[in-house]
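Subject: Structure handover

Hi,

Here is the structure I promised to pass on. Please open it alongside this message. My notes come straight after.

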Amino acid sequence: MDGKGLSRDVIDWFEVDPDLTGSGLSASIVHQGRIVPPNGYSVSYPAFGLHKSGAGVIGFTITNSRATVAGGYPSAALMEFDETAPTGGIIVSGHGFTSDDGFTGCGAPGPGTVGRWGDYGAAVVDAVTGYIYTANEMIPDPSLFARGHYANWGTFITQIY
């Protein structure tokens with residue numbers, strides 16, 4: 001549930017300041033927040049790619065049941081992040097082409113059921129160039145990318161900065 005009582009996935013994030021002393025490890029939350037997409041959307045599998053300054057991006061998958069809107073079918077997306085919080089709006093970097101075909105549904109009878117995704121997001125900063133790369137799940141155009149034997153989802157890699 002999001003903060004408005006709608007049944008959808010949101011991203012809760014937090015920055016922790018750890019402290020290791022002779023008596024043990026403790027931590028305090030420095031900044032925290034929630035990424036709530038527009039009504040009708042869900043977001044999942046976030047990953048931060050941040051420079052030493054704390055600025056960078058948070059990449060994730062965004063879903064909606066309509067391909068005619070930005071972030072329609074499962075798509076790769078991101079938000080820029082300053083030193084304390086996300087800035088600006090959601091940017092769809094890899095537009096999804098169709099819906100999950102459900103073929104990977106665990107224990108399901110076949111296509112048309114809820115499918116099993118890879119359940120991941122990744123981000124990394126290239127120390128030499130400063131570029132940030134995110135890798136997020138999406139449903140690619142089957143005319144451009146070969147469909148896997150058991151699933152039609154894929155990974156979209158975004159280069160930022």
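Below is what was found, taken topic by topic. Bear in mind that this is a predicted model.

The sheet

Start with the open sheet. Four strands make it up, in the order β3-β4-β5-β6. The pairing is antiparallel. β3, residues 42-50, and β6, residues 86-94, stand at the edges. Each of these two has a single partner strand, so one side of each is left without a neighbour in the sheet. From one strand to the next, the twist averages 25°.

Look next at how β5 meets β6. Strand β5 covers residues 75-81, and five bridges join it to β6. The two run antiparallel. For a landmark in the register, use A76: G94 of β6 stands opposite this residue.

The loop before β5

β4 spans residues 56-63, and N64 sits in the loop between β4 and β5. Is N64 buried or exposed? N64 counts as buried, because its relative accessibility is 8% and the cut-off for buried is under 20%. The N64 side chain also has a partner: it reaches the backbone oxygen of G40 at 3.4 Å.

The salt bridge

How many salt bridges does a search of the whole structure find? One. Side chains of opposite charge can pair when their charged atoms come close. Here the partners are D12 and R34, with 2.7 Å between the closest N and O atoms. The pair links distant parts of the chain, 22 residues apart. D12 belongs to strand β1, residues 11-21. R34 belongs to strand β2, residues 24-35.

Both ends count as partly exposed. D12 does so at 48% relative accessibility, and R34 does so at 42%. Partly exposed is the class between under 20% and over 50%.

The nonpolar patch

Strand β1 also holds F14. With a relative accessible area of 53%, F14 is exposed. F14 joins V16 and I29 in a nonpolar surface patch of about 300 Å².

Where to look

If time is short, go to three places. View the edges of the sheet, where β3 and β6 each have a single partner strand. Then find the D12 and R34 salt bridge. Finish at the patch made by F14, V16 and I29.

Best wishes

Methods:
Residues are numbered from 1 along each chain as its sequence is written. This is a predicted model: local features need pLDDT of at least 70, side-chain atom pairs count only at pLDDT 80 or more; totals for chains, interfaces and linings use all residues. Side-chain values use heavy atoms; hydrogens and water are left out. Two strands pair if DSSP finds at least two bridges between them. Axes are lines fitted to C-alpha atoms, for helices over the stretch in contact, and angles run from 0 to 180 degrees between N-to-C directions. Buried means under 20% relative accessible area, exposed over 50%, partly exposed in between (1.4 Å probe, protein chains only). A polar contact is a pair of N or O atoms within 3.5 Å; within protein, one must be able to donate a hydrogen and the other to accept it, and residues adjacent in sequence count only if both atoms are side-chain atoms. A salt bridge is a side-chain nitrogen of Lys or Arg within 4 Å of a carboxyl oxygen of Asp or Glu. Patches are made of residues with over 30% relative accessible area and no salt bridge: like charges are joined within 9 Å, nonpolar side chains (Val, Leu, Ile, Met, Phe, Trp, Tyr) within 5 Å. Accessible areas come from the Shrake-Rupley method with a 1.4 Å probe; for residues, only the protein chains shown count as cover.
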